[in-house]
Amino acid sequence: IGSVHYLEFEGRFLGFDRGLDETIAYVRENFGGDGLQFSKRYFETLCKLPEKGNFDILGHFDLNTKNNEKGQFIDTSCREYLHAGFEAIHALKGKIPLFEVNTGAIARGYRTSPYPQMEFLKEFRSCGYGAVITSDCHNKDFLDCAFADAAALLAQAGFDSKWILTEDGFREVSL
């Protein structure tokens with residue numbers, strides 16, 4: 001699973017995958033409070049994943065919005081934001097075959113719905129990516145947290161299958 005939790009600043013890597021207040025402070029201190037610039041840097045960094053390894057799954061594609069469900073620091077419907085995300089999806093096409101629909105933020109109380117957002121799900125679909133539903137589980141009690149919600153979002157985006165890991169490798173199954 002390839003994912004990004006840190007962004008580089010002047011040779012240092014600073015983590016942004018924190019709680020709401022810490023994320024807002026991170027955006028304020030490193031991007032002058034501009035959530036769009038933060039998100040653009042995040043997506044640009046995501047595009048570099050294939051340089052770092054050979055990944056099967058693109059992990060939590062829009063992790064930058066984990067703490068933004070109510071629009072606290074970025075309008076995820078704005079054209080520039082969506083364009084940055086679409087560019088990343090296209091840049092990674094053919095390099096990482098599967099993407100993750102993540103429910104971990106629900107289990108941990110950061111969100112009420114899985115991510116990525118619908119516009120990105122539809123773009124992943126149109127680009128031929130396969131979908132994996134995961135809980136990004138840090139607690140066995142939440143291993144299948146909100147999987148039905150994630151499957152419903154995939155179906156709404158036009159998917160009719162998901163990929164699961166078996167003893168013989170990844171296999172496509174019906175939603």
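The largest cavity in this predicted model has a volume of about 30 Å³. The structure holds one cavity of 30 Å³ or more. Two pockets are also described here: the largest, with a volume of about 300 Å³, and the second largest, with a volume of about 190 Å³.

**Cavity**

- The lining of the largest cavity includes Phe 16, Asp 17, Arg 18 and Thr 23.
- Leu 63, Asn 64, Lys 66 and Asn 67 also line the largest cavity.
- By class, the lining of the largest cavity has two nonpolar, three polar and three charged residues.

**Largest pocket**

- The volume of the largest pocket is about 300 Å³.
- Its lining is made of 14 residues, and those closest to the pocket centre are Tyr 6, Phe 13, Thr 45, Lys 48 and Lys 52.
- Strand β1 (6–9) and the helices α2 (35–46) and α3 (49–52) are the elements that each give two or more residues to the lining of the largest pocket.
- Five nonpolar, three polar and six charged residues make up the lining of the largest pocket.

**Second largest pocket**

- The second largest pocket has a volume of about 190 Å³.
- Among the 13 residues lining the second largest pocket, Gly 128, Tyr 129, Gly 130, Trp 163 and Glu 172 are the closest to its centre.
- At least two lining residues of the second largest pocket come from each of the strands β5 (130–134), β6 (161–166) and β7 (169–174).
- The lining of the second largest pocket comprises seven nonpolar, three polar and three charged residues.

**Strands β1 and β2**

- Strand β1, which contributes to the lining of the largest pocket, pairs with strand β2 (residues 12–15) in the antiparallel sense over four bridges.
- The two strands form a hairpin with two residues between them.
- Glu 10, in the turn of this hairpin, has a positive phi of about 50°.
- Across the pair, Glu 8 stands opposite Phe 13 in β2.
- Phe 13 is also one of the residues closest to the centre of the largest pocket.
- In a regular strand, side chains alternate between the two faces of the sheet.
- In β1, Leu 7 and Phe 9 belong to the covered face, whereas Tyr 6 and Glu 8 belong to the uncovered face.
- Tyr 6, on the uncovered face of β1, is among the residues closest to the centre of the largest pocket.

Conventions
Residues are numbered from 1 along each chain as its sequence is written. This is a predicted model: local features need pLDDT of at least 70, side-chain atom pairs count only at pLDDT 80 or more; totals for chains, interfaces and linings use all residues. Side-chain values use heavy atoms; hydrogens and water are left out. On a 1 Å grid over the protein atoms alone, a cavity is a set of points where a 1.4 Å probe fits but cannot get out, and a pocket is an open set with protein on both sides within 12 Å along at least five of seven lines; lining residues have an atom within 4 Å of a point. Grid points are joined across faces, edges and corners, and a volume is the space filled by probe spheres set on the points. Ala, Val, Leu, Ile, Met, Phe, Trp, Tyr, Cys and Pro count as nonpolar, Asp, Glu, Lys and Arg as charged, and the others, Gly among them, as polar. Buried means under 20% relative accessible area, exposed over 50%, partly exposed in between (1.4 Å probe, protein chains only). Two strands pair if DSSP finds at least two bridges between them.
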